[in-house]
Amino acid sequence: MTDRVIIFDTTLRDGEQSPGASMNVAEKMRLAVQLEKLGVDVIEAGFPAASDGDHDAVLQIAGKLKQSEVAGLARTSKNDIDRAWDAIRHAAKPRIHTFIATSDIHLDYKLKMSRDEVLQSTVDAVKYAKSFTDNVEFSAEDGSRSDRDFLSKVFEAAIEAGATTVNLPDTVGYAIPEEFSELVKYIKNHTPNIHKAALSVHCHNDLGLATANTLAAINAGARQAEVTINGIGERAGNTSLEEVVMALHTRSNFLSVSSGINTKHIYPTSRLVSMITGIIVQPNKAVVGANAFAHEAGIHQDGMLKNPMTYEIMKPETIGLSANKLVLGKHSGRHALRSHLNTMGYDLSDEELNIVFAKFKEVADKKKTIVDEDLEVIVTEKILRTADIFALEYLHVTSGTTVLPMASVKLNINGRSVKGAGYGNGPIDATYNTIAKLTGTTSELLRFSVGALTSGTDAQGEVTVRLRENGLVALGKGADPDIITAGAKAYINGLNRLEYLKANPVQEAAGL
Ligand code: KIV
Ligand code: ZN
């Protein structure tokens with residue numbers, strides 16, 4: 001058995017199913033490039049039959065990546081497989097990933113199909129996918145709650161039909177590590193042709209066991225792990241890439257298998273996903289949380305000074321977290337900026353660098369020192385969000401104890417400047433009312449949270465909003481040394497995401 005685990009990243013597909021976490025095509029492309037740099041073996045770029053936006057994103061990503069395999073998800077229908085192939089056909093290493101549920105609950109209530117029909121559908125889909133590419137993955141949705149014998153029968157048939165990977169999902173995050181490990185062993189022992197395919201696992205985190213289940217499965221012989229950055233995904237999320245990879249890295253003495261991930265890119269990738277999706281990483285999140293390497297207790301700090309091995313099982317540098325975050329000031333030049341951005345994982349074109357440099361100078365005039373978090377915001381807002389419909393051109397707000405809060409706003413809407421003014425309960429209310437009026441949008445503000453990117457009173461404020469309009473939900477994020485401006489940017493970012501969702505409706509039936 002090989003001692004290498006294939007890392008299959010589904011941040012762009014299952015991760016994007018996190019509530020509110022839609023990404024536009026430019027953002028998806030940027031993330032895909034970063035995932036390739038991270039050394040991910042397979043990137044599931046999307047579900048092309050779900051929406052035109054998904055199809056286009058997968059098509060563009062497939063045309064760009066050279067090292068990583070690019071997978072497109074498809075149900076077992078010919079139409080889905082055609083869409084998936086159409087989107088990935090230009091990939092250097094394409095993979096069709098087709099799936100159907102195998103548990104009786106799903107068969108009886110969702111699919112209304114018999115086991116024989118599901119078996120036939122599996123064989124037909126894999127054979128059809130195989131007519132396009134040799135690289136076909138089959139997933140048995142809700143595998144962990146399926147009858148074991150039926151599951152191995154379906155896997156056997158899928159492999160016989162040509163599947164090169166068979167995936168066992170714990171779709172609803174129900175499994176317990178020992179049980180999941182037993183299931184993997186059962187499949188290995190009862191599927192006669194299992195040696196002809198890679199056995200994969202895909203876990204959800206409803207009970208907080210996704211990483212534990214994935215590691216148990218690897219220990220039992222699974223050789224592909226399906227994961228997402230920061231563990232984002234449907235409901236409580238998916239197995240997180242950084243946790244599995246760093247467990248393999250840190251506990252190689254116990255697990256004795258490795259991944260091809262370049263761990264130095266883990267932290268920049270985690271930040272990128274958080275910046276793009278607007279999903280904040282919890283401070284105590286394993287590996288990439290803000291407190292993951294912070295030692296608060298005096299006794300720990302004392303031990304750390306004597307020997308870091310007393311309390312630190314991983315070095316921050318291993319995941320690309322630089323110890324010295326103080327980086328640039330207003331006298332720093334273009335060259336220093338480029339080389340620092342490179343260390344953060346950003347490879348910008350000359351034109352992009354010029355845009356970032358101009359904004360960097362503007363922020364550096366307001367703030368003495370610029371740290372990584374400031375640069376991330378600049379790159380995200382100036383480079384990643386170029387396809388936006390609404391952009392803030394100007395904001396002037398008056399508020400205080402003796403005046404009625406009022407906002408004057410100038411927006412760029414699809415290349416056209418519009419301006420207006422409005423009142424509100426406070427400066428944010430006034431700003432949001434005015435922006436809503438100018439954009440003609442009627443979204444409801446579900447959440448508004450404010451944080452600071454770094455410490456110090458000159459730190460950039462970071463605002464995250466959650467908006468709902470006509471049943472669609474989107475997150476928005478914005479940062480600025482001025483907190484009201486940060487709030488305006490976050491609101492506009494959320495509105496842009498809602499516009500993207502309106503323009504790219506996900507087919508009702510495509511929901512997993
Ligand atoms: O959770 C799940 O079962 C899935 C499959 C499509 C692999 O995401
Ligand atoms: Zn899933």
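Here is a walk through this structure, from its metal site out to its surface. Keep in mind that the model is predicted.

Let's start with the zinc ion (ligand 2). Three side chains hold on to this ion: Asp14 through OD, and His202 and His204 through NE2, at 2.0 to 2.1 Å. If you trace these donors along the chain, you'll find them spaced as D-x187-H-x1-H. The site ties together distant parts of the chain: Asp14 sits in the loop between β1 (6-9) and α1 (25-38), while His204 sits 190 residues away in the loop between β7 (198-203) and α8 (210-219). Are these two residues buried or exposed? Asp14 has a relative accessibility of 3%, so it counts as buried. His204 comes out at 4%, and because buried means under 20%, His204 is buried too.

Now look at ligand 1. The zinc donors Asp14, His202 and His204 turn up again here, among the residues that surround this ligand. The rest of the surrounding group is Arg13, His97, Phe99, Ser139, Glu141, Asn167, Pro169 and Thr171. Some of these come with polar contacts to oxygen atoms of the ligand. From an oxygen of ligand 1 to an N or O atom in the side chain of Thr171 is 2.6 Å. For the side chain of Arg13, the matching distance is 2.9 Å, and for that of Asp14 it is 3.1 Å. How much of ligand 1 does the protein cover? On its own, ligand 1 has 260 Å² of accessible area, and the protein covers 98% of that. Three strands, β4 (94-101), β5 (136-141) and β6 (165-170), each give two or more residues to the shell around the ligand.

Next, head for the surface, where Leu445, Phe448, Val450 and Ile483 make up a nonpolar patch with about 310 Å² of accessible area together. The biggest contributor is strand β14 (residues 444-452), which gives 3 residues. Phe448 is in that strand, and its relative accessibility of 31% makes it partly exposed.

Finally, two spots in the backbone are worth a look. Most residues other than glycine have a negative phi. Ser256, though, has a positive phi, near 40°. You'll find Ser256 in the loop between α10 (252-255) and α11 (266-277), and at 53% relative accessibility it counts as exposed. Asn470 is another case, with a positive phi of about 45° although it isn't a glycine. Its place is the loop between β15 (461-469) and β16 (472-480), and with a relative accessible area of 69%, Asn470 is exposed as well.

Methods
Residues are numbered from 1 along each chain as its sequence is written. Chains are lettered from A and ligands numbered from 1 in the order in which they are written. This is a predicted model: local features need pLDDT of at least 70, side-chain atom pairs count only at pLDDT 80 or more; totals for chains, interfaces and linings use all residues. Side-chain values use heavy atoms; hydrogens and water are left out. Patches are made of residues with over 30% relative accessible area and no salt bridge: like charges are joined within 9 Å, nonpolar side chains (Val, Leu, Ile, Met, Phe, Trp, Tyr) within 5 Å. Accessible areas come from the Shrake-Rupley method with a 1.4 Å probe; for residues, only the protein chains shown count as cover. A salt bridge is a side-chain nitrogen of Lys or Arg within 4 Å of a carboxyl oxygen of Asp or Glu. Helices (H or I, at least four residues) and strands (E, at least two) are DSSP runs, numbered from the N terminus. Buried means under 20% relative accessible area, exposed over 50%, partly exposed in between (1.4 Å probe, protein chains only). Donors are N, O and S atoms within 2.8 Å of the metal (3.2 Å for Na, K and Ca); water is not among the atoms, so sites may look incomplete. A residue is near a molecule or strand if one of its heavy atoms lies within 4 Å of it. A polar contact is a pair of N or O atoms within 3.5 Å; within protein, one must be able to donate a hydrogen and the other to accept it, and residues adjacent in sequence count only if both atoms are side-chain atoms.
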